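Biologist: Hi! Could you walk me through this one?
Modeller: Happy to, here it comes.

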Amino acid sequence: MTEIRGARTEATDSFFEAFKTDAGVEAEDYAVVAFGDSEAMADELLELVLLGVKRATAALARDFGPGREPLPKVGDHVVLVDGRNKPRCVWRTTSVEVKPLEAVDDAFAHDEGEGERSRDWWLAAHRTYFAAQAEREGFALEEPVETVFERFTIVWPRLFADQAGKSGTDLFSVVAGAGLQTPDGKT
């Protein structure tokens, strides 16, 4: 689902500095993002990212621009936080497209990693989510629903990083085989 841009904190600054030192990256700027509209949704979608399932996100184009957050661009670094604003990973934006909601394709719906991962499911879920956002924020959702489609790759921590630029690394077997716990405490 959509992302909520957050503010930098001491914790996100420290996390990003650790990433830069470990990865040898010189970047100074980064955004902070939590997914969804609740603590539970942020944690659920974060888990999909850490497991290598979710490598795309979509948001209303109206959420970006003058007086709002800048539109994401290829190469941006983003610190993804959980529902309690704890930094959990860093992604790098690999593509950004602004187009009507209806223009979503099967591949993007699959890469967003939610629900059935089908285009039909994706469209229904996002129409519902964006309608709730419009009601909550007091604006009319107008057709066509201009949407920002963003793809990303996880770059840090290394355990969750996509290998050699390939998105969707399947960490289910890594977690199970190593006896590690997922963010919700499952093995």
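Modeller: A term to begin with: contact means heavy atoms within 4.5 Å. This is a predicted model, where local features need pLDDT of at least 70, side-chain atom pairs count only at pLDDT 80 or more, and totals for chains, interfaces and linings use all residues. Residues are numbered from 1 along each chain as its sequence is written, and side-chain values use heavy atoms, with hydrogens and water left out.

Biologist: Cool. What is L80 in contact with, leaving aside neighbours within four places in sequence?
Modeller: V33, A34, F35, L46, V49, K86, P87, R88, C89 and W91.

Biologist: And which residues touch the most other members in the largest nonpolar core?
Modeller: L80 is one of them, along with F35, V49, C89, W91, F152 and I154, in a core of 17 residues. A nonpolar core here is a set of buried Ala, Val, Leu, Ile, Met, Phe, Trp, Tyr and Cys residues joined through side-chain atoms within 4.5 Å. Buried means under 20% relative accessible area, exposed over 50%, partly exposed in between (1.4 Å probe, protein chains only).

Biologist: Switching topic: is T94 buried or exposed?
Modeller: In between: T94 counts as partly exposed because its relative accessibility is 41%.

Biologist: What does T94 touch, not counting residues up to four places away in sequence?
Modeller: V74, R151, F152 and T153. K73 is 21 residues from T94 along the chain, and their C-alpha atoms are separated by 8.1 Å.
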